[in-house]
Amino acid sequence: MPSAALGEFDFITAVLVHGGWHGGWCWRRVADLLRRQGHTVFTPTPTGLGERSHLMSRDINLDTHITDVVNLFKWEDLNDAVLVGHSYAGWVISGVVEQMPPRVRSIVFLDAFMPEGDGTRFIDNAPEVSRRVTLAAFERGEVALPAPTAATFDVNEKDRSWVDSKMTPQPLGVLLQPIRLTGARDRVAKKTYIRAASHPNPIFDKYLGICKADRTWRTFEIPCGYDVMVDMPERLAEVLVEVA
């Protein structure tokens, strides 16, 4: 049954946006759990990834992925939604809430990057090694970055072959386009940062610390690998209902 904190008949609408190299498929377990409780769930796959990998193009940029999700809100008439972004999708949901602020009741960063200012690019916040690899690929004229292995994300061993079979290259342009921010993210009433505690990463530790120090944010630490929706879907579903 839905969390008592929401009320007996208060169901949520959740928009779950995956991170780099993934697709809407990665949310299947969480989405199934939430739908069985009566909640409405959307798991969009932005252009060029997952089942939309056949649309890969050098023209795909951050605005493309933001628009993919904005259009979901428009065409599905979504309001009062819980907007969740995993990993790279922290950039996507930060851009979405700039265009859809009245329609987002709660925003959740799931081990996600958090753009730190207007005009910044994903590559500006990436580790030095990732930055060098990305820029080198761009200079060679490549369109996408190949997917890493599931083991890189500390996915549990049982699910690694499944995750490896589903991941697709990440469009390069989304990492190089500056984001436009006016602070809409910080004006959302309910804000949450969830850290995958078993996946070491100093960048996400920094974001967790920033959010812990701000009383307008709630924070959670879940003891699993980077793909929380794969490793601990039950716990993640519980948290999403709690922070809705």
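Contact here means heavy atoms within 4.5 Å. The model is predicted.

**Stop 1: α2 and α3**

Select residues 62–75, helix α2, and residues 89–99, helix α3. Show the α2 residues Leu62, His65, Ile66, Val69, Val70 and Phe73; they meet Trp91, Val92, Gly95, Val96 and Gln99 in α3. Colour this contact by class: eight residues are nonpolar, three are polar and none is charged.

Now look at the geometry. The two axes come within 9 Å and cross at roughly 55 degrees. Angles from 65 to 115 degrees count as roughly perpendicular, and those under 35 as roughly parallel. α2 and α3 are therefore oblique to each other. The crossing of α2 past α3 is right-handed.

**Stop 2: the loop after α2**

Move on to aspartate 77, in the loop between α2 and β3 (81–86). Check its backbone: phi is near 55 degrees, a positive value in a residue other than glycine.

**Stop 3: α1 and α9**

Select residues 28–36 for helix α1 and residues 233–242 for helix α9. Which α9 residues do Arg29, Val30, Leu33 and Leu34 of α1 meet? They meet Pro233, Glu234, Leu236, Ala237, Leu240 and Val241. By class, the α1–α9 contact holds eight nonpolar residues, two charged ones and no polar ones.

The α1 and α9 axes lie 9 Å apart, at an angle of about 55 degrees. These helices are therefore oblique to each other. Their crossing is right-handed.

**Stop 4: tryptophan 21**

Step to tryptophan 21, in the loop between β1 (13–17) and α1. Its phi is near 70 degrees, again positive in a residue other than glycine. Keep Trp21 selected, for it is among the residues nearest the centre of the largest pocket.

**Stop 5: the largest pocket**

Add Phe113, Phe122, Ser130 and Phe153 to Trp21; these five lie nearest the pocket centre. The full lining has 28 residues. The space inside is about 590 Å³.

Which elements give two or more residues to this lining? They are α4 (122–125), α5 (128–139) and α7 (202–212). Select α5 last: its four residues are the largest share of the lining. Then colour the whole lining by class. It divides into 17 nonpolar and 11 polar residues, with no charged ones.

Methods
Residues numbered from 1 in each chain as written. Predicted model: local features only at pLDDT ≥ 70, side-chain atom pairs only at ≥ 80, totals over all residues. Heavy atoms only, no water. Axes fitted to C-alpha atoms, helices over the stretch in contact; angles between N-to-C directions. Parallel < 35°, antiparallel > 145°, perpendicular 65-115°, else oblique. Left-handed = near helix turned anticlockwise from the far one by under 90°. Nonpolar A, V, L, I, M, F, W, Y, C, P; charged D, E, K, R; others polar. 1 Å grid on protein atoms, 1.4 Å probe; cavity = no way out; pocket = protein on both sides within 12 Å on 5 of 7 lines; lining within 4 Å. Points joined across faces, edges and corners; volume = space filled by probe spheres on them.
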